[in-house]
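Here's a quick, friendly walk through a structure you haven't met before. Take a look at it first, and then we'll go through some of its side chains.

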Amino acid sequence: LTTVTANIGGMTVALGSGVYQIAAQLVYSLDAGASAIHFGLQFPAIRKANLQWMGQAAAAVTFGRTQINYAAQAAGSSNIIAITSGTTVVQVAEVRGIIWVTAPGNLHFIARSEIANATARVHAASTIAVWHIGLIP
């Protein structure tokens, strides 16, 4: 990763209108010189979302558990959560939640590195599962 926010390969899902449940595991590591990795979601147009980000209980993960609520996000909006201490050990960040999509589009998991010359990696073992719960009239 670089300091430019980019899509995480294989972590994009096409969504139609309706309510979805999301569960993802983002497997990552940082080189010794890296100070942080930033994760986020880029939405299609949504009415509401409630997402809970969770990190492994380690000294290098400063957020442990964070809940974020979104309302009336335009397509292309994104929000980022930072893991602010580097570790060379492979770690897992999880996100779980509900998203109410109002117009079809892609849900992208995105990431970037804190420092330009340091390496932050999202590993191929990362997964995403999305369930369409249904339509809301």
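How many aromatic pairs does the count come to? Keep in mind that this is a predicted model. The count comes to 1 aromatic pair. Its partners are Tyr28 and Phe39, set edge-to-face, with 5.6 Å from centre to centre and 70° between the planes. Tyr28 belongs to strand β2 and Phe39 to strand β3, so the pair ties together parts that sit 11 residues apart in sequence.

How well hidden are these residues? Here they are, along with Ser29, which also has its place in strand β2.

| Residue | Relative accessible area | Status |
|---|---|---|
| Tyr28 | 1% | buried |
| Phe39 | 0% | buried |
| Ser29 | 6% | buried |

Each of these values counts as buried because the cut-off is under 20% relative accessible area.

Phe39 turns up again in the largest nonpolar core. That core has 28 residues, and Phe39 joins Leu26, Trp53, Ile99 and Phe109 as the ones touching the most other members. Several strands chip in with at least two residues each, among them β1 (6-15), β3 (37-42) and β8 (105-113). Strand β2 gives the most, with 6 residues. As a rule, nonpolar side chains in soluble globular proteins tend to be buried together.

Now back to Ser29. Its side chain makes a polar contact with the side chain of His123, at 2.8 Å. Ser29 and His123 are 94 residues apart in sequence, yet 7.8 Å apart in space, C-alpha to C-alpha.

One last stop: Arg47 lies over the face of Trp100, 4.8 Å from the ring centre.

Terms used
Residues are numbered from 1 along each chain as its sequence is written. This is a predicted model: local features need pLDDT of at least 70, side-chain atom pairs count only at pLDDT 80 or more; totals for chains, interfaces and linings use all residues. Side-chain values use heavy atoms; hydrogens and water are left out. A nonpolar core is a set of buried Ala, Val, Leu, Ile, Met, Phe, Trp, Tyr and Cys residues joined through side-chain atoms within 4.5 Å. Buried means under 20% relative accessible area, exposed over 50%, partly exposed in between (1.4 Å probe, protein chains only). Helices (H or I, at least four residues) and strands (E, at least two) are DSSP runs, numbered from the N terminus. A polar contact is a pair of N or O atoms within 3.5 Å; within protein, one must be able to donate a hydrogen and the other to accept it, and residues adjacent in sequence count only if both atoms are side-chain atoms. Rings of Phe, Tyr and Trp (its six-membered ring) pair if their centres lie within 6.5 Å; planes under 30 degrees apart count as stacked, over 60 as edge-to-face and the rest as tilted. A charge sits over a ring if NZ of Lys or CZ of Arg is within 6 Å of the ring centre and within 35 degrees of the ring normal.
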